[in-house]
Amino acid sequence: MIVVKNLYKDFGNLKVLKGVNTFIKEQEVVVVIGPSGSGKSTFLRCLNLLEEPTSGEIIIDGVNLLDKNTDINKVRQGLGMVFQRFNLFPHMTALENISIAPMKVKGLSREEAEKIARDLLAKVDLRDKEDYLPDQLSGGQQQRVAIARALAMQPKIMLFDEPTSALDPEMVGEVLAVMKNLAKEGMTMVVVTHEMGFAKEVGDRVLFMDEGVIVEEGSPEELFNNPKHPRTKSFLSKIL
Amino acid sequence: MNVLEYYAKHLGAVFPSLLRGAVLTIQVTALSEMFGIIIGMFAGLGKLSKNKIIKGFCGAYVDLIRGTPLLVQVFLIYFGLPNLVLQITGNRFPIDPFVAAVWACSINSGAYVAEIFRSGIQSIEKGQMEAARSLGMNKIQAMRYIILPQAFRRIIPPLGNEFIALMKDTSILSAIGLEELVRKGQLYTSSTFASFPVYTGVMLIYLVMTMTVSRFVTYMERRLKVIDRS
């Protein structure tokens, strides 16, 4: 479903990605871990071209993202993204946050879009918060609205960029619960996270990134219980 | 006749005329600010454009207008433009002072508003644009539905200041004979020499107008904050 070949990304002189190669299958939950500065967020952001790769290839469902003729707005509709800092639209209610893209991008009527939004709010267990502004919601609630917002475009793939890192500890669980449900429903997911528990429980595959490359990958059991690369061992020994 | 009587007599006599002038002042200011906001929004967006020609053009416009006096800009449009048309086409091209005034003030205000918009848009955090784009919105949709509505709220106070500044600056238009507030005062003093009553009256009217605008801006600001929170 997603094929990444020889992905490089420089920020000026700083080389952040130095040849990332991987593929992600349909319905697979891939968890990306690694120390800060390892390029894992940049890798994720390249997948929907929020960062423009310096070179390499990204092919999603047979569409080459870096082809100049590719309509990136179209591709992005199939890729939901959840951000570390939620990035909800502060001037819109929860319901409006979720219904704006289906209305303006897909051209649905307000009624259709709001129906989708209400169903999604129910799904993330925020049925009674539709008229709340982001400011009036807790961090965990905001992140759940943000997940619903991404789902409203009915994406085939969901990208999560450290979705629980900006949350108070007691709110991490509610967001992870929503993500687990999504995984159970068969959503293809790429999750950058420090939540090793989530990786073990939900992940089909774990990628360990360091210094701009994928150092090691494998099933959670393999990678956590029997890491082969010394850098993986050293990273895991620090966080587990 | 003592001073007080002199003062009251002339102020009373000139006041209706000053009020008529003030109406014109308000008309020029409101129209110019309206056009200025439209021009300024596009010029501000243009300054943020990745297209170098658009960016350069908008930057040059802002520099040219902000770097030259409004009085000269007004003269250029009211006297200069007809002169240019006459030289090129051989036809007379008289411009109504009111039209020239609105053109000049709109173009002038647009440059200041452009900078207000540019900084307002830049003050919206990057994540907002990223979130909008990640949902499949193109740049124009993201600007229209996500960035500009937020930027608008933030730029209301500086836009209010710009409105007040423009209102005071329209006094310059007396120089092309537009019978706005100051010109009305001048006309009365030229026959009566009652400068003190007249110009204190002019000042008072300006003060009432600017205070009203600034109250209104404060009210709008508070109301939008309530919307943000409630």
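Rings of Phe, Tyr and Trp, the last taken by its six-membered ring, count as a pair if their centres lie within 6.5 Å. In this predicted model, five aromatic pairs occur over all chains.

One of them joins Phe75(B) and Phe79(B). The ring centres are 5.4 Å apart, and the planes meet at 55°. The pair is classed as tilted. Both residues belong to helix H3 of chain B, which spans residues 70-89. They are four residues apart there, so about one helical turn separates them. Phe75(B) is partly exposed, with a relative accessible area of 31%. Phe79(B) is also partly exposed, at 45%. Ring pairs connect these two residues and Tyr78(B) into a cluster.

A further pair is formed by Phe117(B) and Phe152(B). Here the centres lie 5.5 Å apart and the planes are at 85°. Planes over 60 degrees apart count as edge-to-face, so this pair takes that class. The contact links distant parts of the chain, its members being 35 residues apart. Phe117(B) lies in helix H4 (residues 97-122) of chain B, and Phe152(B) in helix H6 (residues 139-169) of chain B. Phe117(B) is buried, at 1% relative accessible area. Phe152(B), in contrast, is partly exposed, at 34%.

Charged side chains also meet rings in chain A. The charged end of Lys129(A) sits over the ring of Tyr132(A), at 4.7 Å from the ring centre. The charged end of Arg149(A) sits over the ring of Phe89(A), with 4.5 Å to the ring centre.

Note on methods: Residues numbered from 1 in each chain as written. Chains lettered and ligands numbered in written order. Predicted model: local features only at pLDDT ≥ 70, side-chain atom pairs only at ≥ 80, totals over all residues. Heavy atoms only, no water. Phe/Tyr/Trp six-rings, centres within 6.5 Å; stacked < 30°, edge-to-face > 60°. Helix = DSSP H or I, 4+ residues; strand = E, 2+ residues; numbered from the N terminus. Buried < 20%, exposed > 50% of the residue type's maximum accessible area, 1.4 Å probe, protein only. Lys NZ or Arg CZ within 6 Å of the ring centre and 35° of its normal.
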